[in-house]
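Trainee: I would like to learn how to read a structure feature by feature, beginning with a single side chain and ending with the whole chain. Could we go through one together?

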Amino acid sequence: MYTIYKLADEGKVDLLSPDIQKNLKAMITVSSNEAAIYLVEKYTSWKQVTKYVQDLGLSQTYLNQEKPFTTPADMAKLLELIP
């Protein structure tokens with residue numbers, strides 16, 4: 001979700017797109033992994049998602065469809081970043 005919003009801030013995707021809205025809603029309301037995977041594969045890449053989260057300081061987080069990896073310390077840091 002963060003990556004889609006970041007791409008929207010960069011003018012690369014339109015948050016008003018019904019396709020994006022539908023899948024973001026599914027991600028948020030029912031924690032749909034399928035919606036998340038769809039958005040990554042259609043609008044960005046796992047490499048880009050990993051770069052953006054690492055840019056936030058989550059240096060031990062690697063997101064990909066095969067074998068995502070993170071650490072408790074990175075997840076604690078992520079929660080601290082949420083206002």
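Trainee: How exposed is Tyr2, and what is its relative accessible area?

Mentor: Bear in mind from the start that this is a predicted model. Tyr2 has a relative accessible area of 37%, and because buried means under 20% and exposed means over 50%, Tyr2 counts as partly exposed. Tyr52, by contrast, counts as buried, with a relative accessibility of 5%.

Trainee: How many aromatic pairs does the structure hold, and how should I read the geometry of such a pair?

Mentor: In general, a pair of aromatic rings is described by the distance of the centres and the angle of the planes. Here the structure holds one aromatic pair. It is formed by Tyr2 and Tyr52, whose ring centres are 6.5 Å apart and whose planes stand at 90°, so the pair is edge-to-face. The pair links distant parts of the chain, since Tyr2 belongs to helix H1 and Tyr52 to helix H4, with their positions 50 residues apart in the numbering.

Trainee: Which charged end sits over the ring of Tyr52?

Mentor: That is the charged end of Lys6, which lies 5.6 Å from the centre of the Tyr52 ring.

Trainee: Let us turn to empty space: what is the volume of the largest pocket, and which residues lie nearest its centre?

Mentor: The general idea is that rolling a probe the size of a water molecule over the atoms shows where empty space is left. In this model the largest pocket has a volume of about 720 Å³, and its lining consists of 26 residues, with Met1, Tyr2, Val49, Val53 and Leu63 nearest the centre. By residue class the lining divides into 19 nonpolar and seven polar residues, with no charged ones.

Trainee: Which helix gives the most to that lining?

Mentor: Helix H3 does, with five residues. Helices H1 (2-9), H3 (33-43), H4 (46-55) and H5 (72-81) each supply at least two residues of the lining.

Trainee: Finally, how many helices and strands does the chain have, and how compact is it for its length?

Mentor: The secondary structure comes to five helices and zero strands, which along the sequence gives the pattern α-α-α-α-α. The radius of gyration is 13 Å, close to the 12 Å that the globule rule gives for 83 residues, so the chain is as compact as a globular protein of that length. Along its principal axes the C-alpha trace spans about 35 × 25 × 25 Å, and 29% of the 83 residues count as buried.

Methods:
Residues are numbered from 1 along each chain as its sequence is written. This is a predicted model: local features need pLDDT of at least 70, side-chain atom pairs count only at pLDDT 80 or more; totals for chains, interfaces and linings use all residues. Side-chain values use heavy atoms; hydrogens and water are left out. On a 1 Å grid over the protein atoms alone, a cavity is a set of points where a 1.4 Å probe fits but cannot get out, and a pocket is an open set with protein on both sides within 12 Å along at least five of seven lines; lining residues have an atom within 4 Å of a point. Grid points are joined across faces, edges and corners, and a volume is the space filled by probe spheres set on the points. Helices (H or I, at least four residues) and strands (E, at least two) are DSSP runs, numbered from the N terminus. Ala, Val, Leu, Ile, Met, Phe, Trp, Tyr, Cys and Pro count as nonpolar, Asp, Glu, Lys and Arg as charged, and the others, Gly among them, as polar. Rings of Phe, Tyr and Trp (its six-membered ring) pair if their centres lie within 6.5 Å; planes under 30 degrees apart count as stacked, over 60 as edge-to-face and the rest as tilted. Buried means under 20% relative accessible area, exposed over 50%, partly exposed in between (1.4 Å probe, protein chains only). A charge sits over a ring if NZ of Lys or CZ of Arg is within 6 Å of the ring centre and within 35 degrees of the ring normal. The radius of gyration is taken over C-alpha atoms; the globule rule is 2.2 Å times the number of residues to the power 0.38.
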